[in-house]
Amino acid sequence: MFLEIVSPEKTLFTGDVSSVQLPGSEGSFQILNNHAPIVSTLKKGEIKLKGSFDNDSAENLNVQNNIEASLEIQSGVIEMKKNKLIILVD
(Lines give C-alpha, C1' and ligand atoms only; values in the text may rest on other atoms or scores of the structure.)
Protein backbone atom coordinates (compact mmCIF):
# COMPACT_ATOMS: atom_id res chain seq x y z
CA MET A 1 0.00 0.00 0.00
CA PHE A 2 1.10 3.57 -0.52
CA LEU A 3 1.75 5.53 2.70
CA GLU A 4 2.11 9.25 3.25
CA ILE A 5 2.96 10.67 6.70
CA VAL A 6 2.51 14.44 6.97
CA SER A 7 3.15 16.87 9.85
CA PRO A 8 2.23 20.58 9.92
CA GLU A 9 5.85 21.41 9.04
CA LYS A 10 6.62 18.92 6.27
CA THR A 11 6.04 15.54 4.68
CA LEU A 12 7.84 12.98 6.85
CA PHE A 13 7.56 9.91 4.61
CA THR A 14 6.08 8.76 1.31
CA GLY A 15 6.46 5.27 -0.08
CA ASP A 16 5.18 1.72 -0.26
CA VAL A 17 4.85 -0.36 2.92
CA SER A 18 3.44 -3.80 3.71
CA SER A 19 1.94 -3.02 7.14
CA VAL A 20 1.43 -0.16 9.59
CA GLN A 21 0.74 -0.52 13.31
CA LEU A 22 -0.92 2.53 14.84
CA PRO A 23 -1.69 3.84 18.37
CA GLY A 24 -5.43 4.37 17.92
CA SER A 25 -7.33 6.48 20.44
CA GLU A 26 -9.45 3.39 21.26
CA GLY A 27 -6.50 0.97 21.15
CA SER A 28 -3.65 -0.15 18.92
CA PHE A 29 -4.53 -1.49 15.46
CA GLN A 30 -2.80 -2.62 12.28
CA ILE A 31 -3.46 -1.85 8.63
CA LEU A 32 -2.36 -4.23 5.87
CA ASN A 33 -2.50 -4.11 2.07
CA ASN A 34 -6.03 -3.67 0.66
CA HIS A 35 -7.56 -2.80 4.05
CA ALA A 36 -11.16 -1.61 4.04
CA PRO A 37 -11.66 2.18 4.04
CA ILE A 38 -11.23 3.66 7.50
CA VAL A 39 -10.85 7.02 9.26
CA SER A 40 -9.50 7.06 12.83
CA THR A 41 -7.87 9.28 15.42
CA LEU A 42 -4.50 8.50 16.97
CA LYS A 43 -3.12 9.11 20.45
CA LYS A 44 0.44 9.61 21.69
CA GLY A 45 2.56 6.59 20.82
CA GLU A 46 4.63 4.90 18.16
CA ILE A 47 3.78 4.20 14.52
CA LYS A 48 5.52 1.00 13.39
CA LEU A 49 6.08 0.37 9.68
CA LYS A 50 7.17 -2.70 7.75
CA GLY A 51 8.49 -2.37 4.21
CA SER A 52 11.75 -1.58 2.49
CA PHE A 53 13.42 1.62 3.71
CA ASP A 54 16.49 3.45 2.48
CA ASN A 55 18.21 6.42 4.09
CA ASP A 56 16.85 8.97 1.62
CA SER A 57 13.14 8.12 1.83
CA ALA A 58 13.14 7.43 5.59
CA GLU A 59 15.35 10.21 6.94
CA ASN A 60 12.61 11.28 9.42
CA LEU A 61 11.99 7.72 10.67
CA ASN A 62 13.85 5.52 13.11
CA VAL A 63 14.90 2.66 10.78
CA GLN A 64 15.92 -0.54 12.59
CA ASN A 65 17.05 -2.94 9.85
CA ASN A 66 15.94 -1.57 6.46
CA ILE A 67 12.63 -3.50 6.74
CA GLU A 68 11.22 -1.98 9.93
CA ALA A 69 10.85 1.66 10.91
CA SER A 70 9.06 3.67 13.57
CA LEU A 71 7.99 7.20 14.38
CA GLU A 72 6.92 8.71 17.74
CA ILE A 73 3.82 10.93 17.55
CA GLN A 74 1.78 13.08 19.95
CA SER A 75 -1.55 12.66 18.13
CA GLY A 76 -2.94 12.31 14.65
CA VAL A 77 -5.60 11.23 12.19
CA ILE A 78 -5.52 8.54 9.50
CA GLU A 79 -7.49 7.86 6.35
CA MET A 80 -7.21 4.62 4.38
CA LYS A 81 -8.91 4.53 0.98
CA LYS A 82 -8.15 2.68 -2.27
CA ASN A 83 -4.96 1.15 -0.82
CA LYS A 84 -3.56 4.60 0.07
CA LEU A 85 -2.98 5.48 3.73
CA ILE A 86 -2.55 9.11 4.76
CA ILE A 87 -1.44 9.86 8.31
CA LEU A 88 -1.57 13.44 9.62
CA VAL A 89 0.55 13.75 12.79
CA ASP A 90 1.52 16.26 15.45
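This briefing describes selected residues, strands and a surface patch of the structure shown above. The model is predicted. Two serines, Ser7 and Ser40, are treated first, followed by a pair of strands and a nonpolar patch.

**Ser7**

- Ser7 sits in the loop that lies between β1 (2-6) and β2 (11-24).
- The relative accessible area of Ser7 is 12%, and because buried means under 20%, Ser7 counts as buried.
- When neighbours within four places in sequence are set aside, the contacts of Ser7 are Leu12 and Val89.
- In sequence, 66 residues separate Ser7 from Ile73, while their C-alpha atoms are 9.8 Å apart in space.

**Ser40**

- Ser40 belongs to strand β4, which covers residues 38-42.
- With a relative accessible area of 17%, Ser40 is buried, since this value falls under the limit of 20%.
- Apart from neighbours within four places in sequence, Ser40 touches Phe29, Gly76, Val77 and Ile78.
- Among these contacts of Ser40 is Val77, a residue of strand β8 (residues 76-81).

**Strands β2 and β3**

- Strand β2 pairs with strand β3 (residues 27-32) in the antiparallel sense, and six bridges join them.
- One position in this pairing is Ser19, whose bridge partner in β3 is Leu32.
- The two strands β2 and β3 form a hairpin, with two residues between them.
- Phe29, one of the contacts of Ser40, falls within the residue range 27-32 of β3.

**The nonpolar surface patch**

- Val39, Val77 and Leu88 make a nonpolar patch on the surface, with an area of about 260 Å².
- Val77 has a relative accessibility of 37% and is therefore partly exposed, as this class lies between the buried limit of 20% and the exposed limit of 50%.
- The value of 37% for Val77 also satisfies the requirement that patch residues have over 30% relative accessible area.
- Val77 thus has two roles in this account, because Val77 is part of the patch and is also in contact with the buried residue Ser40.

Methods: Residues are numbered from 1 along each chain as its sequence is written. This is a predicted model: local features need pLDDT of at least 70, side-chain atom pairs count only at pLDDT 80 or more; totals for chains, interfaces and linings use all residues. Side-chain values use heavy atoms; hydrogens and water are left out. Helices (H or I, at least four residues) and strands (E, at least two) are DSSP runs, numbered from the N terminus. Buried means under 20% relative accessible area, exposed over 50%, partly exposed in between (1.4 Å probe, protein chains only). Contact means heavy atoms within 4.5 Å. Two strands pair if DSSP finds at least two bridges between them. Patches are made of residues with over 30% relative accessible area and no salt bridge: like charges are joined within 9 Å, nonpolar side chains (Val, Leu, Ile, Met, Phe, Trp, Tyr) within 5 Å. Accessible areas come from the Shrake-Rupley method with a 1.4 Å probe; for residues, only the protein chains shown count as cover. A salt bridge is a side-chain nitrogen of Lys or Arg within 4 Å of a carboxyl oxygen of Asp or Glu.
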